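Thank you all for making the time this morning. I would like to walk you slowly through one model, so please bring it up on your screens and keep the sequence beside it.

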Amino acid sequence: FRRVDVNGNGLLSLAELDKAVLQVWPRFNNKPVIMRAYRACDVDGSGLVSRSEFRLFLKFLQRYQQLYTAFQRIDVDGDRRLTLKELLSRANAIGLGNRSPEDLRAFFRRADKNGGGVIFFVGFADGVVGTEIEAGRQA
């Protein structure tokens, strides 16, 4: 944490985190992933990441990178958005082959934030994480 906290104030800004990822963990240098991890770990909503939130940032960074890789596997045409057709046809590629088409359609509707018929990474990631949280509550 001290290595990343360049100005020594005990809090990390998005700029400090972005720079640290580039320098220390370059394989995670992916702006959408960094942004999702940053927003997810900011528990107190301050816009800055504390030492305890930093631990969450590192966990979220890894999880969102996994989700981004899954998103790319489904995004056959590489346009950075998923259609229902892509999700249904590529579900096996990311381990969702055991889900029924109805479940995948329901997931798509939840993740399609604006009802535009496509899912962007943010909606996909939020949908998957939301499903994981819900599954954890039911366990």
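Let me begin with a term: the expected span of a helix is 1.5 Å times one less than its number of residues. Please also keep in mind that what we are looking at is a predicted model.

With that in hand, consider helix H3, residues 51-74, which has 24 residues and reaches 35 Å from its first C-alpha to its last, close to the 34 Å expected. Many names could be read out for its buried positions, so I will just say that Phe54, Phe57, Leu61 and Tyr64 are among them, as are Phe71 and Ile74.

After H3 comes the loop that leads to helix H4, and in that loop we find Asp75. Asp75 is buried and yet has no salt bridge, since the nearest side chain of opposite charge, that of Arg80, is 6.7 Å away, and a salt bridge is counted only within 4 Å. What does the side chain of Asp75 reach at 3.2 Å? The partner there is the backbone nitrogen of Asp79. Leaving aside residues up to four places away in sequence, Asp75 also touches Arg80, Arg81, Leu82 and Glu86.

Let me turn to helix H5, residues 101-111, whose buried residues are Leu104, Phe107, Phe108 and Ala111. Looking down the axis of H5, these buried residues fall within an arc of 100°, so they line one face of the helix. The face turned away from that buried side carries the exposed residues Glu102, Arg109 and Arg110.

Finally, the charged pairs: how many salt bridges does a search of the whole structure find? There are four, and I will describe some of them. Asp18 pairs with Lys31, their closest N and O atoms being 2.8 Å apart, and this links helix H1 to helix H2 across 13 residues of sequence.

Asp126 deserves a slower look, and at 23% relative accessibility Asp126 counts as partly exposed. Its side chain meets that of Arg36 in a salt bridge at 2.8 Å, N to O, linking helix H6 with helix H2, 90 residues apart. Arg36, at 12% relative accessibility, counts as buried.

Asp126 also forms a salt bridge with Lys113, with the closest N and O atoms 3.9 Å apart. Lys113 lies in the loop between H5 and H6, so this pair ties together parts that are 13 residues apart in sequence. Through shared partners, then, salt bridges join Arg36, Lys113 and Asp126 into one network.

Terms used: Residues are numbered from 1 along each chain as its sequence is written. This is a predicted model: local features need pLDDT of at least 70, side-chain atom pairs count only at pLDDT 80 or more; totals for chains, interfaces and linings use all residues. Side-chain values use heavy atoms; hydrogens and water are left out. Helices (H or I, at least four residues) and strands (E, at least two) are DSSP runs, numbered from the N terminus. Buried means under 20% relative accessible area, exposed over 50%, partly exposed in between (1.4 Å probe, protein chains only). The arc is that of the directions from the helix axis to the C-beta atoms. Lys and Arg count as positive and Asp and Glu as negative; His and the chain ends are not counted. A polar contact is a pair of N or O atoms within 3.5 Å; within protein, one must be able to donate a hydrogen and the other to accept it, and residues adjacent in sequence count only if both atoms are side-chain atoms. Contact means heavy atoms within 4.5 Å.
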